[in-house]
Amino acid sequence: MDVIGQKYFTTVDFVLFALLLVASMVIGLYYALSGGRQRTTQEFLLADRSMKCLPLSLSLMASFQSAVAIVGTPAEVYANGTQYWFIGCSYILGLLIPAHIFIPVFYRLHLNSAYQYLELRFCKTVRICGTITFIFQMVIYMGVGVYTPALALNAVTGFHLWGAVLATGLICTVYTTLGGLKAVIWTDVFQTLVMFAGQLAVIIVGVQQVGGLSDFWRKIREGDRISSIDLNPDPTVRHTFWTLALGGVFLMLSLYGVNQAQVQQYLSSRTEKEAIMSCYMAFPCLQIALGLSCLMGLVMFACYGDNSTLNKQFFTSKDQMVLYFVMDMLQNFPGLPGLFVACLFSASLSTISSAFNSLATVTMEDLIKPHCPSMTEARATLLSKILAFLYGLVCLAMAYVFHLMNSSVLQAALSIFGMVGGPLLGLFCLGIFFPWANSTGAVMGLVAGLVMAFWVGIGGFVTQMPSSIIMHSQNCTDTVVTENMTMATVTAILTAVTDKPSKPVGLHGLYSLSYMWYSALNSSVVVLFGLLVSLLTGPMKEQDLTRGTVYPLVEKIHPFLQMLAKPKSCLGSSPEHRQIPICHDQMNGVANTERNTEMEEERETFLPLSQISCLEQETAV
């Protein structure tokens with residue numbers, strides 16, 4: 001097997017990569033010159049609230065299917081088996097909760113930015129704190145999203161580093177600036193198809209190289225790469241069923257519940273029902289993406305095995321290992337390496353384009369418009385486009401900054417991004433679920449959550465630094481391994497994965513916490529500390545709450561609690577009494593069929609339906 005530097009692209013590979021960039025640019029130009037030509041902020045930032053659920057669902061998946069995850073997940077499965085596949089279980093609650101709680105709250109308030117909610121629920125100070133935290137998070141994310149895959153590609157293929165960075169960054173900046181959110185969503189749809197095609201090509205060719213499906217299955221079974229369910233409840237174990245299925249829920253909520261890049265797409269849908277359906281349809285898309293990435297890792301293992309020359313190469317990260325495998329397996333198939341690289345950079349383009357658009361939105365809506373209420377629509381639209389373009393330049397500048405850093409600092413920068421998502425999730429949960437939380441509690445809770453996030457994250461990074469430089473250990477994880485977004489997995493860098501002689505205790509135990517629990521820990525700190533401060537400083541009164549900003553969780557679960565609390569009375573009631581509520585429901589169903597329209601559904605409020613509650617109790621008696 002050749003050394004890394006001897007894998008080169010053919011002309012066909014370069015043509016396929018160029019076609020990806022050209023197609024993305026054409027989509028941006030089409031939406032810049034069609035429709036309303038992006039002349040209003042509603043069209044530029046929210047696509048005129050006209051998007052359907054199918055393109056939205058693909059865009060929701062692609063927005064955080066980063067290039068780092070495309071190459072990180074197969075490397076994780078190659079090294080440690082399919083245990084990581086169980087993160088797919090977290091997608092259920094991770095999408096159901098946003099669909100039925102966060103989307104209705106945000107959509108019915110007619111927001112443009114998720115952080116407008118924080119001002120409606122608390123005050124302007126909380127809104128600004130949330131906005132600045134998000135901008136800090138996403139600026140780091142953009143630079144990493146562009147630079148990391150380009151660096152891996154350069155190390156394996158000799159592809160020009162800054163050629164890849166500039167091509168990706170500039171093309172994405174141009175089509176996002178010209179075409180607005182519509183261009184972002186429809187290029188995401190195109191790029192999602194390219195991602196799936198590239199991964200499928202690698203899997204199909206790899207299985208053929210192994211000798212067929214039967215040999216492929218035999219090798220991965222003999223290599224013990226099909227993991228069983230690990231029910232170990234220890235939170236310091238990196239990947240267990242509980243860590244992935246429960247800890248992953250909080251990661252999903254920080255992405256698909258409160259992140260502006262996703263909330264903005266929900267708000268761009270035609271109706272609330274379309275937004276909810278897009279969340280449902282994103283579930284199979286995410287499962288397919290996860291399955292393809294894991295299958296790539298299994299194919300890698302079937303082709304190379306444990307003791308292969310792949311492990312003998314000096315890789316600075318396992319991202320390079322995946323690219324090396326692709327170049328080695330597909331070297332006799334002209335064009336297929338280029339297809340996979342197009343797949344890789346499709347993921348990069350989809351993530352940073354969503355970042356550009358969301359950053360332009362929060363900067364305009366949360367930092368500029370409140371101070372310039374008399375700004376004309378034309379000027380606001382022009383300024384939004386300038387902001388999107390400037391954030392594109394900031395992205396390239398951040399990529400250059402990371403280029404100047406050593407690998408340890410780059411890993412720390414990746415981890416900072418991942419540590420911010422949990423506190424932001426906690427801030428929104430504090431406002432949505434706890435009506436007595438006040439503004440002081442929200443600010444202090446966010447500060448406490450960020451302090452906890454950086455304390456645990458940086459402490460873990462420092463204590464595990466010696467083990468992070470060990471290469472090629474089967475349990476090594478100096479790579480990014482999540483399916484959804486860099487946020488979820490770059491913090492894996494902080495977690496030691498070598499076998500420990502004894503269970504860590506004290507602060508070392510806290511620092512050894514699995515990275516999958518970081519969002520849960522940090523968001524919980526925000527909620528608990530925020531509630532404590534709110535109770536000490538005087539809880540918010542009910543009359544001071546803005547209508548629709550609090551989700552009535554108790555009211556929603558009350559009927560279920562009643563059913564569980566009174567099973568005997570239901571069983572002991574006479575047949576006549578048991579039929580009364582059924583007939584009543586049927587009569588209501590008939591009466592409502594004529595007037596139960598989509599608009600009436602969206603006018604539903606979160607106020608307790610006291611009359612219905614009383615009626616249910618009365619008929620139950």
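**View 1. Helix H8 and its kink.** The bend at a residue is the angle between two fitted axes, one for the seven residues ending there and one for the seven starting there. In this predicted model, local features need pLDDT of at least 70 and side-chain atom pairs count only at pLDDT 80 or more, while totals for chains, interfaces and linings use all residues. Numbering runs from 1 along each chain as its sequence is written, and side-chain values use heavy atoms, with hydrogens and water left out. Helices are DSSP runs (H or I, at least four residues), numbered from the N terminus. H8 spans residues 161-210 and kinks by about 125 degrees, centred on Gly180. Its 50 residues end with C-alpha atoms only 32 Å apart. A straight helix would reach 74 Å at 1.5 Å a residue (expected span: 1.5 Å times one less than the number of residues). Of the 50 residues, 35 are buried, so H8 is largely enclosed by the rest of the structure (buried: under 20% relative accessible area; exposed: over 50%; partly exposed: in between; 1.4 Å probe, protein chains only).

**View 2. The C-terminal end of H8.** Gln209 belongs to helix H8. Gln209 is partly exposed, at a relative accessible area of 42%. Its C-alpha lies 7.3 Å from that of Cys303, although the two are 94 residues apart in sequence. Gly211 follows H8 and has a positive phi, near 125 degrees.

**View 3. Glu76 and Arg238.** The structure holds eight salt bridges (a side-chain nitrogen of Lys or Arg within 4 Å of a carboxyl oxygen of Asp or Glu). In one of them, Glu76 meets Arg238 at 2.7 Å, N to O. Glu76 sits in helix H4 (residues 67-80) and Arg238 in the loop between helix H9 (213-222) and helix H10 (241-245), so the bridge ties together parts that are 162 residues apart in sequence. Both partners are buried.

**View 4. The salt-bridge network around Arg127.** Arg127 and Asp366 join their side chains in a salt bridge of 2.7 Å, N to O. This contact links distant parts of the chain: Arg127 lies in helix H7 (residues 124-157) and Asp366 in helix H16 (residues 336-368), 239 residues apart. Arg127 is buried, at 7% relative accessible area. Asp366 is buried too, at 4%. Glu119 joins Arg127 and Asp366 in a network of salt bridges.

**View 5. Glu222 and Arg218, within one helix.** The side chains of Glu222 and Arg218 form a salt bridge at 3.5 Å, N to O. Both residues lie in helix H9, four residues apart, or about one turn of the helix. Glu222 is exposed, with a relative accessible area of 58%. Arg218 is partly exposed, at 38%.

**View 6. Phe17 and Phe345.** Rings of Phe, Tyr and Trp (its six-membered ring) pair if their centres lie within 6.5 Å; planes under 30 degrees apart are stacked, over 60 edge-to-face, and the rest tilted. By this rule there are 18 aromatic pairs. Phe17 and Phe345 have ring centres 5.2 Å apart and planes at 70 degrees, so the pair is edge-to-face. The contact links distant parts of the chain, from Phe17 in helix H1 (residues 11-33) to Phe345 in helix H16, 328 residues apart. Phe17 is buried, at 6% relative accessible area. Phe345 is buried at 1%.

**View 7. Phe106, Phe428 and their aromatic cluster.** Phe106 and Phe428 make an edge-to-face pair, 5.9 Å centre to centre with 85 degrees between the planes. Phe106 lies in helix H5 (residues 90-108) and Phe428 in helix H18 (residues 407-433); this pair links parts of the chain 322 residues apart. Both rings belong to buried residues. One aromatic cluster takes in Phe102, Phe106, Tyr115, Tyr117, Phe134, Phe428, Phe433 and Tyr551.

**View 8. A nonpolar surface patch on H8 and H17.** Leu166, Leu170, Leu382, Ile386, Phe389, Leu390 and Leu393 make a nonpolar surface patch of about 590 Å². Such patches use residues with over 30% relative accessible area and no salt bridge; nonpolar side chains (Val, Leu, Ile, Met, Phe, Trp, Tyr) are joined within 5 Å, like charges within 9 Å. Areas come from the Shrake-Rupley method with a 1.4 Å probe; for residues, only the protein chains shown count as cover. H8 and helix H17 (377-404) are the elements that give two or more residues to the patch. H17 gives the most, with five residues. Leu390 lies in H17 and is partly exposed, at 42% relative accessible area.
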